[in-house]
Amino acid sequence: MAELEHSSLRKEVLNAIGNFLLMENFKMPNVGIVKDGILNIIDLISDYYEEGKPLFPEVIIVSNIEFLDSIIPKIITIKRQELTKEEFGMAIKLCAPLATSGWIIFVEVNGSEMRYGLVSADVDETSPSIHSQVVGDLKSGESEHSVAYIRNIGKKVVELSGIKNKVIVSLNLEPLGDYSKNELNKLCNAATKDCDADLVVKLNTYFEKLIDEALKLGHGNLIGIVRDTEENIAKVKSGLKVNGGIYLEIPIDFQNLLMQTQEGDSQSSVNLRSHGAIFQAMLNHDGITIMTDKGKILGYHMLIADDVRPGDKLTGGARSKAFLSMTNCGHFEFCFYKSQDGNLKIWEKQ
């Protein structure tokens, strides 16, 4: 009788976490407990629900939270506790329902003790996220500090990032997608391509945070970008074949809304926030949300007519077919697709 072969996903993931911590220079005496704690967090947030509602908490683990003082103006300590691997799970349970609207969970490990709670880098709607500033595009080179940033990036897919290294952990049996591309960042660049140069960076930051939150809450999304000229917009409205859909009488102009907030008017900030909430609701409606390359929302709930041509490779259901039809129709400069299980696709007009 052939020897039974054992395959342990837990062992594989623990090894990957151990290598990550080594490369990120985690030299604390209880690093083994931290490794088990990170595994616990990854398992929990890969598919986390609270009272039937999906939650997407992000977690940062550090040896000293004070080194982030320059980018984290707000901190709320929830609990101080002896360091145990089980307490990492308790940190998620206690903090996950609170970790929304820019707040993330922090876990500070100091010797045999740990402290956890919530931190936020938000000063206003355009503040860069903690992720982008610590381990993302805006990180400042090398650091003497060790950081582990954990977030859900797809159905049972979790990203573990540090200053020097990144690990993608898939807890499902689906083929692992290419998570090296930053599809969301490219979408936001396309949506602000023709905006005022002085506002592009802030508008990109705002859109990236706003759309990312909407994508987490939705069951699949389609976004199309068109050129912002009167002639082209008229051409899109008359030529794009859709079965229903709503074109706004007056497009929502986020460039203008953001410009107004620069004047320091508190009402302008409220206007930006409330229009952002409407935009998020539109994104999670069935059909395509249409934006322009000047940061405007033209319409939503656009159910595009099928435009599948001989030789096209079609995989997936109705949303995949709609995405293919978007790329074929000739009206869009940039197309973005997110499936129900979290896969992302982008297409850009050459």
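Lys216 is partly exposed, with a relative accessible area of 21%. In this predicted model, the side chain of Lys216 meets that of Glu58 in a salt bridge, 2.8 Å from N to O. Glu58 is buried, at a relative accessible area of 11%. The pair links distant parts of the chain. Lys216 sits in helix α6, while Glu58 lies in the loop between β2 (53–55) and β3 (59–62), and 158 residues separate them.

## Salt bridges

Side chains of opposite charge can pair when their charged atoms come close. The structure holds 15 salt bridges. Three of them are set out below.

| Salt bridge | N to O distance | Relative accessible area of the Lys | Relative accessible area of the acidic partner |
|---|---|---|---|
| Lys216 and Glu58 | 2.8 Å | 21%, partly exposed | 11%, buried |
| Lys79 and Glu87 | 3.1 Å | 28%, partly exposed | 8%, buried |
| Lys321 and Asp306 | 3.8 Å | 29%, partly exposed | 58%, exposed |

The side chains of Lys321 and Asp306 meet in a salt bridge of 3.8 Å, N to O. This pair also links distant parts of the chain: Lys321 belongs to helix α10 (residues 318–329), and Asp306 to the loop between β13 and α10, 15 residues apart. Asp306 counts as exposed, at 58% relative accessibility. Salt bridges with shared partners also join Glu58, Asp212 and Lys216 into one network.

Lys79 pairs with Glu87, their closest N and O atoms being 3.1 Å apart. Is Glu87 buried or exposed? Glu87 counts as buried, because its relative accessibility is 8% and the cut-off for buried is under 20%.

## A nonpolar patch on the surface

Ile76, Ile78, Met90, Leu94 and Leu98 form a nonpolar patch on the surface. Together they have about 390 Å² of accessible area. Which elements give two or more residues to the patch? They are β4 (74–82) and α3 (85–95). Met90 is found in helix α3. Met90 is partly exposed, with a relative accessible area of 34%.

## Helix α8

Helix α8 covers residues 254–261. Its buried residues are Phe254, Gln255, Leu257, Leu258 and Thr261. Seen down the axis of α8, these buried residues fall within an arc of 165 degrees, so they line one face of the helix. What do they pack against? Their partners are α6 (200–217), β11 (246–253), α9 (266–283) and β13 (296–302). At the start of α8, a side-chain oxygen of Asp253 reaches to within 3.2 Å of the backbone nitrogen of Gln255.

## Phe20 and Ser161

Phe20 has its place in helix α1 (residues 9–23). Phe20 is buried, with a relative accessible area of 0%. Phe20 and Val167 are 147 residues apart in sequence. In space, their C-alpha atoms are 7.3 Å apart. Leaving aside neighbours within four places in sequence, Phe20 is in contact with Val147, Ala148, Leu160, Ser161, Gly162, Asn165 and Val167.

Ser161 is one of those contacts. Ser161 has its place in strand β8 (residues 157–161). Ser161 counts as buried, at 2% relative accessibility. Beyond four places in sequence, Ser161 touches Phe20, His131, Val135, Val147, Ala148, Tyr149 and Lys166. Ser161 and His131 are 30 residues apart in sequence and 9.0 Å apart in space, C-alpha to C-alpha. The side chains of Ser161 and Glu159 are joined by a polar contact of 3.2 Å.

## Asn152

Asn152 has its place in strand β7 (residues 147–154). Is Asn152 buried or exposed? Asn152 is buried, with a relative accessible area of 11%. Which backbone oxygen does the side chain of Asn152 reach at 3.1 Å? It is the backbone oxygen of Ile45. The backbone oxygen of Ser46 lies 3.0 Å from a polar atom of the Asn152 side chain. Ile45 and Ser46 are also among the residues that Asn152 touches. Not counting residues up to four places away in sequence, the others are Asp47, Phe56, Val157 and Val158.

How values were computed. Residues numbered from 1 in each chain as written. Predicted model: local features only at pLDDT ≥ 70, side-chain atom pairs only at ≥ 80, totals over all residues. Heavy atoms only, no water. Helix = DSSP H or I, 4+ residues; strand = E, 2+ residues; numbered from the N terminus. Buried < 20%, exposed > 50% of the residue type's maximum accessible area, 1.4 Å probe, protein only. Polar contact = N/O pair within 3.5 Å; in protein donor to acceptor, adjacent residues only side chain to side chain. Contact = heavy atoms within 4.5 Å. Arc of directions from axis to C-beta. Patch = residues over 30% accessible without salt bridge, like charges linked within 9 Å, V, L, I, M, F, W, Y side chains within 5 Å. Areas by Shrake-Rupley, 256 points an atom, 1.4 Å probe, with all protein chains shown as cover. Salt bridge = Lys/Arg side-chain N within 4 Å of Asp/Glu carboxyl O.
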